[in-house]
Every structure is written in structure tokens, then in C-alpha cells.
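Hi everyone, thanks for coming along. I'd like to walk you through a structure that will be new to most of you, so let's get it up on the screen.

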Amino acid sequence: MAANRDGAAREDLEPAIEVDCVTMVFPTSSGMLTALQDISFTVRRGEFVSLIGPSGCGKSTLLRLIADIYHPVSGVVRVAGLPPDRARRAHLVGLMFQEPVLLPWLTVLDNVKLALELTGAKDGLDPAWLLGLVGLRGRERDYPHQLSGGMQQRVALARALATNPQLLLMDEPFGALDELTRERMADWLLSIWEQTRKTVLFVTHSVPEAVFLSDRVIVLDSQPGVVRAEVEVTLPRPRREGIKETMTYFELLRILRAHLRPAQPQGNGGGGR
Amino acid sequence: MVVVAGFLAAWEILQRLTGYPPRFVAPLPSEVAVFTVNRWQFFIQHLAITLAEAGMGFLLGNLLAVGLAVASVYSRTVEQVLMPFAVAVRSVPLIAITPVLIFLLGLGWESKVAVAVIVCFFPTLVNMTVGLRTVDHRLLELMHVLNASWWQVLVRVRFPSSWPAFFAAVKIAVPSSILGAAVAEWVNASAGVGYLIIVSTYQFNTAQLYSTMFLITVVSAALYLFVLRLESWLLPWRRYLPENL
């Protein structure tokens with residue numbers, strides 16, 4: 001566990017994600033929209049990094065660039081030292097969205113199996129074991145509609161982990177869940193992360209969630225998206241609920257909220273100035 | 001079922017009491033029933049011919065429509081060239097296109113099948129094109145990340161998610177294929193339901209006319225109900241889809 005926090009041991013490894021001077025532009029009806037402008041950051045292997053920022057700051061776009069769904073207009077993205085398409089083909093990347101997006105005509109187990117079938121991954125994880133890991137043992141034969149929203153999202157997590165990817169990209173995975181489920185899911189995710197030690201890039205709107213989960217939080221500015229700040233989360237691991245009562249935790253919340261404030265005033269009235 | 005039986009019983013009683021409409025214009029439901037039962041082999045023969053034409057047209061029309069829908073999802077050219085053409089053919093009234101097809105394909109079963117094909121083709125084409133396209137874009141992104149080929153996406157995602165749309169089309173296509181075949185027989189045939197209707201009308205054989213009408217309605221309705229059953233049996237997850245078609 002302690003080794004994870006020891007930066008020196010990983011210096012020689014390729015970083016899990018390198019984003020170097022990436023710009024992304026989308027055509028819209030009112031001209032070109034610059035979603036990301038010369039953005040750069042690195043995620044170390046095994047690190048849990050959250051991306052936080054106002055809506056429209058290009059967080060999801062960034063995730064899609066890393067997942068090889070979009071291609072940057074300029075700049076370089078590397079995943080485990082590889083171009084994104086090579087990393088995707090080597091099934092190094094797992095992806096999860098705000099909604100579970102399961103196939104409604106397949107059972108829970110078949111949904112997870114599908115990921116293995118499509119990729120043909122040989123070093124994949126056993127789907128039944130994975131469902132046990134996310135606490136769904138006994139529900140393998142159920143269909144998605146028979147599960148609650150939180151359970152469906154855990155199936156989606158099991159599916160994302162099925163190919164045993166090095167990198168897990170999560171786009172507001174708990175954003176559609178109620179507060180209680182959301183906190184439980186965060187606990188789940190942490191305990192699974194502690195067992196598997198994947199690199200996680202986690203997009204969220206929630207400051208407490210980002211602090212509770214991450215090693216590092218990257219604050220993005222919007223329009224165009226640039227990195228405004230990076231905050232190391234100095235909380236010890238393993239983390240449990242109790243950590244949310246500590247001074248460090250509150251201090252981190254304060255710092256992050258301060259970083260988020262100027263361009264995102266309370267309510268949605270007017271601009272930042 | 002009960003409603004239909006009640007309606008027929010009411011008709012029988014009212015017609016017996018009031019004497020209207022006269023029996024030579026519209027026979028009593030009981031007379032039609034007796035007529036049908038006595039000559040059931042005769043009716044089955046004609047029904048079988050129409051159903052065979054309709055069935056063949058149904059299969060061929062749907063096959064063509066699904067194929068074209070798949071092509072139009074994956075190829076912009078197919079969509080831009082074939083779709084307007086398909087819609088144009090659709091806009092020609094059925095009774096106008098039927099004689100044309102008879103000229104082209106002759107007086108045999110081919111022209112009847114062709115009309116049924118045309119009638120089935122459009123609902124399926126339109127629904128399947130929409131069904132194959134309206135797949136959650138995040139699901140497609142996920143398939144991309146999972147390295148799925150276009151074939152895997154088609155078979156594992158697009159086809160299953162368009163089943164509800166397909167069934168919606170089939171529900172229209174089943175009765176229309178029978179209608180299409182019957183209309184073609186109407187124009188020119190020596191057997192089948194459409195032929196029976198024409199002949200009965202000319203011969204003023206009202207009992208036979210009503211029998212035919214009743215039988216073809218029952219068969220159409222039965223097939224429609226069968227499709228409904230098939231859908232709820234094959235797609236138990238369908239009603240849980242979030243506002244998806």
C-alpha cells in the first residue's frame with residue numbers, strides 16, 4: 001500500500017497517460033468551438049486522478065481523446081507510451097459513462113462477457129468473479145432492468161474491468177445516482193481500486209467525491225479548456241468514511257472550491273467578473 | 001372476441017326483427033356461418049393461395065428492406081441514391097402500380113407476390129433504418145473502445161436494439177401483405193381471396209362475399225395477434241426500454 005505513494009519507484013515506468021499541448025476544436029452552428037486549448041498533464045501509473053471543472057470545460061472530450069474516440073486537432077496523447085489507437089487495440093483502456101449503457105437484451109453476466117468476446121482479450125478477468133467483486137454474486141442471470149441504478153452501474157464497472165485494462169476512464173460514473181448510493185459507490189470503487197491498482201482518470205462535478213477518491217485533482221477552466229490548477233490530495237490510504245471528518249479533508253475541499261470559484265460564481269447568473 | 005360475438009348476435013337479432021337490410025343484400029350472420037362451414041374446403045383453397053402469395057411477398061419484402069436498411073446505415077451513397085427512389089415508388093398508388101406489375105410479371109402468382117413485396121417493403125425499410133440508427137452513441141463509443149468490428153456492432157448491438165422497430169413494422173406488414181396480394185388478385189386472377197370477392201360481387205353471391213370477408217379478417221387478425229405474442233415472448237426486455245421507440 002505504502003509503495004503506491006512512493007514516486008521514486010515508478011520513475012522509470014512510462015506514465016499511464018501523457019497529454020501534451022492538446023487542442024480540440026468542434027464545428028458548431030455558430031462557428032468553431034475550442035473545447036480544449038494547449039492542455040498538458042500526466043497521470044502516473046496506478047494513480048487515481050480526478051478531473052473537475054465547470055460544465056463545458058471539455059472533461060468528457062479529454063476522456064474521449066484518451067479513449068481514441070476523438071482525435072486531437074493538435075498535440076499528442078499517449079497511453080502507456082502508445083498512441084491511443086494502439087493502446088485501445090491492446091485493450092489497455094476501460095471506459096465507463098454516467099449511465100450504465102448496458103445491453104438490455106443480455107443478462108448481467110453476458111453483458112460483462114461481451115467485453116471479453118469483442119476484444120478477444122486473453123488476459124481478461126473472469127466475469128463471474130468480477131460480478132462478485134462488485135457485490136452482485138447471485139444476480140448473474142438477471143437482466144439489467146431487474147437491477148437498481150446503482151447495481152447497473154456496478155455491472156458497467158465490472159464490464160469496464162473485464163479486459164483487465166491498465167487504465168480506467170470514468171465519465172461522471174456516479175453523476176446520475178442519488179446521494180446515498182453515490183457515497184456507497186465511491187466506497188466500492190475505492191476498495192476495488194485498492195485491490196486492482198488500476199490507473200483511474202475520473203471525471204466528476206463533485207468536489208467531495210474528487211477529494212475522497214483521488215491522489216490528485218486536476219481543475220479545468222472552461223472555454224477554452226485549460227488546466228487551472230493541480231491539487232495533490234495528501235490524505236492517507238486506505239481511506240474510509242472517517243477521513244471525511246479530518247481537518248486535511250476540509251482544507252482540501254476549501255482549496256479546490258477556491259480554485260473553482262472565479263469562473264464559476266454561485267448560481268448561473270452572468271460571467272465571472 | 002366477446003365484443004365481436006356480441007356485435008354479430010346483435011346484428012342477427014336486429015336484422016331478423018326489422019327485416020333490414022334485406023337478406024339478398026346482406027345475409028344473416030348465421031346464414032354466412034352455415035355457408036362457410038359447408039364449403040370450408042373451397043374457402044381454404046382460395047385462402048391458401050392468397051396466404052402463400054402474401055407470405056412470400058412478406059418474406060421477400062422484409063429481407064430486401066432489412067438489407068437496404070443495413071446498407072443505408074453504413075453507406076451514405078446508398079442512403080442518398082436509393083432512399084428517394086424508394087419513397088418515390090412508395091408514392092405511386094397501389095391500384096396504379098398493380099396493373100403495371102401485371103404487365104411486367106404476367107398473370108401468374110409473380111405479380112401478386114410483387115405487390116405484397118412492395119406493400120411490406122416500406123414499413124420495414126423506414127422502421128429498420130430508424131431502428132438501426134437510433135443506437136445510444138455512448139454504446140457505440142464503448143464498442144469502439146472494446147475494439148468491435150462493424151460486423152460485431154451490427155450483429156451484437158444494432159440488430160438487437162432495432163428488434164422493437166422491426167416488430168412495429170411487421171405489425172403493419174402482416175395485414176398489408178395480405179391486402180397487397182388480394183388487391184393484385186382483384187385486378188386479375190383465377191383464384192384467391194381477391195378473386196373470390198370480385199366473382200361473388202358479379203354473381204351477387206352475397207353469402208360467399210360475406211364468408212370471404214369474414215375469413216380473411218379472422219386470418220389477418222390471428223396473424224397480427226401471433227406477431228404480438230411473438231414480440232412479447234422474444235423481447236421480454238422491450239417494455240423496460242427508456243423511451244426508445
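**A walk through chain A**

Let me start inside the sheet, with strand 8 of chain A. Five of its six residues are buried, so strand 8 is largely enclosed by the rest of the structure. Before I go on, please keep in mind that this is a predicted model.

Okay, so what surrounds that strand? Six strands of chain A come together in an open sheet, and the order across it is 5-6-7-3-8-9, with mixed pairing. At the edges you'll find strand 5, residues 93-96, and strand 9, residues 226-232, each of which pairs on one side only. Going from one strand to the next, the twist averages 20°.

Now let's look at the neighbours of strand 8. On one side there's strand 3, residues 48-52, which pairs with strand 8, residues 216-221, in the parallel sense over four bridges. If you want residues to click on, A:V49 has A:R216 as its bridge partner, and A:L51 stands opposite A:I218.

The other neighbour is strand 9, and here the two strands run antiparallel, joined by six bridges. A:I218 turns up again here, this time opposite A:E230 in strand 9. Strands 8 and 9 make a hairpin with four residues between them, and in that hairpin A:Q223 takes a positive phi near 45°.

Let's move across to strand 7 of chain A. How many of its six residues are buried? Six of the six, so to speak a full house. You can see that on both faces: A:T199, A:L201 and A:V203 are buried on one side, and A:V200, A:F202 and A:T204 are buried on the other.

Strand 7 has parallel partners too. Five bridges join it to strand 3, the two running parallel, and A:S50 has A:F202 as its bridge partner there. Strand 6 also pairs with strand 7 in the parallel sense, over five bridges, and A:M170 is the residue standing opposite A:F202 in that pairing. To get from strand 6 to strand 7, follow the chain through helix 6, residues 179-196: together these three make a right-handed β-α-β unit.

Next up, some helices that lie across the sheet. Helix 1, residues 59-66, lies across strands 3, 6, 7 and 8 of chain A, and runs at about 150° to strand 7. Helix 8, residues 247-260, lies across strands 8 and 9, at about 170° to strand 9.

So what about the inside of the protein? In general, nonpolar side chains in soluble globular proteins tend to be buried together. Here the largest nonpolar core has 82 residues, and the ones touching the most other members are A:I66, A:A158, A:L169 and A:L201. Helix 5 of chain A, residues 149-162, gives the most to this core, with seven residues. Take A:A158: leaving out residues up to four places away in sequence, it touches A:V112, A:L130, A:L131 and A:V134. Apart from that core lies another one, of 42 residues, among them B:A114, B:V117, B:V174 and B:V193.

That brings us to chain B. Where the chains meet, the contact takes 18 residues from chain A and 17 residues from chain B. On the chain A side, helix 2 (84-89), strand 5 and helix 3 (108-119) each supply at least two residues. Which of the elements of chain A gives the most to that side? Helix 3 does, with four residues.

Let me zoom out to finish. In total, chain A has eight helices and nine strands. Its radius of gyration is 19 Å, close to the 19 Å from the globule rule for 273 residues, so chain A is as compact as a globular protein of that length. The C-alpha atoms fill a box of roughly 55 × 45 × 45 Å along the principal axes, and 42% of the 273 residues count as buried. One last number: among the contacts in chain A between residues at least 6 apart in sequence, 71% join residues at least 24 apart.

Technical notes: Residues numbered from 1 in each chain as written. Chains lettered and ligands numbered in written order. Predicted model: local features only at pLDDT ≥ 70, side-chain atom pairs only at ≥ 80, totals over all residues. Rg over C-alpha atoms; globule rule 2.2 N^0.38 Å. Buried ≥ 20, exposed ≤ 12 C-beta atoms within 10 Å, placed from the backbone. Contact = placed C-beta atoms within 7 Å. Pairing = 2+ DSSP bridges. Axes fitted to C-alpha atoms, helices over the stretch in contact; angles between N-to-C directions. Right-handed = clockwise from strand over helix to strand, strands pointing away. Core = buried A, V, L, I, M, F, W, Y, C linked by C-beta atoms within 7 Å.
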